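Student: I am new to this structure and would like a close look at a single part of it, namely the open and enclosed spaces and the charged contacts that go with them. Could you take me through that part slowly?

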Amino acid sequence: MLLLISPDSVEEAIDCAKAAEYLDIVDVKKPDEGSLGANFPWVIREIRDAVPADKPVSATVGDVPYKPGTVAQAALGAAVSGATYIKVGLYGCTTPEQAVDVMRGVVRAVKDYRPDAFVVASGYADAHRIGCVNPLALPEIARVSGSDAAMLDTAVKDGTRLFDHLPPEVCEEFVRLAHEADLLAALAGSVKAGDLGTLTRIGTDIVGVRGAVCQGGDRNTGRIQPQLVADFRAEMDRHAREHPAVVAAAS
């Protein structure tokens, strides 16, 4: 299971760099613009420069509307700015057809520029609260559009978490559908260390966190702490040792 950490500034990215040995992907977002809020191109560039070259940088394009052209341009901008993982939050897509339309544009725009870029179609565990596509539709949306991964996060950051909206058995089905489609499955949404046993057991490929490694556990006012990143990774590794068969099957 890969660990994705989301700093919201260059200063926090430097803190991530101090803990680089414990994380796998540095994810650039702007939490005050939403769950998958997009940050500025220059921030992506500066964060790319601040973290070790062997650590891929991911960038969120935003909680996007159903505007395929607009989103494709934004995704290309993230790639040009130095991100190799491009995450799109399909917030404004109410049908799978709309979501595929958006993601096809993103895949073409990004991969025409950089064929080795990694495109992530992201939905929301609490989709019922915002009226977007069903979480279990994401793997098929990602497959049909040519994306590389399907991801779930939470849209409304009100203290509720991934498993508050989708029980583990539904998340397990999401992971299974993603793997059947030859995709990576990523899960996030106020994930805590206590969730890692379940996330490991169901075969999650990428776990995304922010609040869990911030001072005070607060994704908005707390700052990422290198020691908390190291502690989170240690807990991940412990569960990986306890679930070796699951880990082997997922890899």
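Tutor: What follows is a walk through the spaces in this model, and then through some of its salt bridges. Please keep in mind that the model is predicted.

We can begin with the largest pocket, which holds about 310 Å³ of space. Its lining is made up of 26 residues, and those that lie nearest its centre are Lys157, Gly189, Ser190, Gly211 and Arg219. Strand E6 and strand E8 (206-209) each contribute at least two residues to that lining. Sorted by class, the lining of the largest pocket has 11 charged residues, nine polar ones and six nonpolar ones.

Besides this pocket, the structure contains two cavities of 30 Å³ or more. The second largest cavity encloses about 30 Å³ of space, and its lining consists of Arg161, Leu162, Phe163, Gly189, Ser190, Val191 and Asp195. Gly189 and Ser190, which are in this lining, are also among the residues nearest the centre of the largest pocket. By class, the lining of the second largest cavity divides into three nonpolar, two polar and two charged residues.

Two residues of that lining, Arg161 and Asp195, deserve a closer look, for they form a salt bridge in which the closest N and O atoms are 2.5 Å apart. This pair links distant parts of the chain, with arginine 161 in the loop between strand E6 (149-153) and helix H7 (162-165), and aspartate 195, 34 residues away, in the loop between strand E7 (184-187) and helix H9 (196-201). The two partners can also be described by their accessibility: arginine 161 counts as partly exposed because its relative accessibility is 24%, whereas aspartate 195, at 8%, counts as buried.

The largest cavity, with about 50 Å³ of space, has a lining formed by Leu4, Ser58, Tyr85, Lys87, Val120, Ala149, Ala186 and Ile206. Six of these lining residues are nonpolar, while one is polar and one is charged.

Returning to the charged contacts, the count for the structure comes to 22 salt bridges, and two further pairs may be set beside the one just described. In helix H10 (residues 226-242), aspartate 237 and arginine 233 are four residues apart, so about one helical turn separates them. Their salt bridge has its closest N and O atoms 3.7 Å apart. Aspartate 237 counts as partly exposed because its relative accessibility is 33%, while arginine 233, at 12%, counts as buried.

The other pair is found in helix H4 (residues 96-113), where aspartate 112 and arginine 108 are likewise four residues apart, about one turn of the helix. Their side chains meet in a salt bridge with an N to O distance of 3.5 Å, and here both aspartate 112 and arginine 108 are exposed. Salt bridges can also be joined together, as they are in the network that links Asp8, Glu12 and Arg210.

The surface offers one more feature to consider, a nonpolar patch formed by Leu76, Val80 and Tyr113, which together have about 260 Å² of accessible area. Of these three, valine 80 belongs to helix H3 (residues 68-80), and valine 80 counts as partly exposed because its relative accessibility is 48%.

Methods. Residues are numbered from 1 along each chain as its sequence is written. This is a predicted model: local features need pLDDT of at least 70, side-chain atom pairs count only at pLDDT 80 or more; totals for chains, interfaces and linings use all residues. Side-chain values use heavy atoms; hydrogens and water are left out. Patches are made of residues with over 30% relative accessible area and no salt bridge: like charges are joined within 9 Å, nonpolar side chains (Val, Leu, Ile, Met, Phe, Trp, Tyr) within 5 Å. Accessible areas come from the Shrake-Rupley method with a 1.4 Å probe; for residues, only the protein chains shown count as cover. A salt bridge is a side-chain nitrogen of Lys or Arg within 4 Å of a carboxyl oxygen of Asp or Glu. Buried means under 20% relative accessible area, exposed over 50%, partly exposed in between (1.4 Å probe, protein chains only). On a 1 Å grid over the protein atoms alone, a cavity is a set of points where a 1.4 Å probe fits but cannot get out, and a pocket is an open set with protein on both sides within 12 Å along at least five of seven lines; lining residues have an atom within 4 Å of a point. Grid points are joined across faces, edges and corners, and a volume is the space filled by probe spheres set on the points. Ala, Val, Leu, Ile, Met, Phe, Trp, Tyr, Cys and Pro count as nonpolar, Asp, Glu, Lys and Arg as charged, and the others, Gly among them, as polar.
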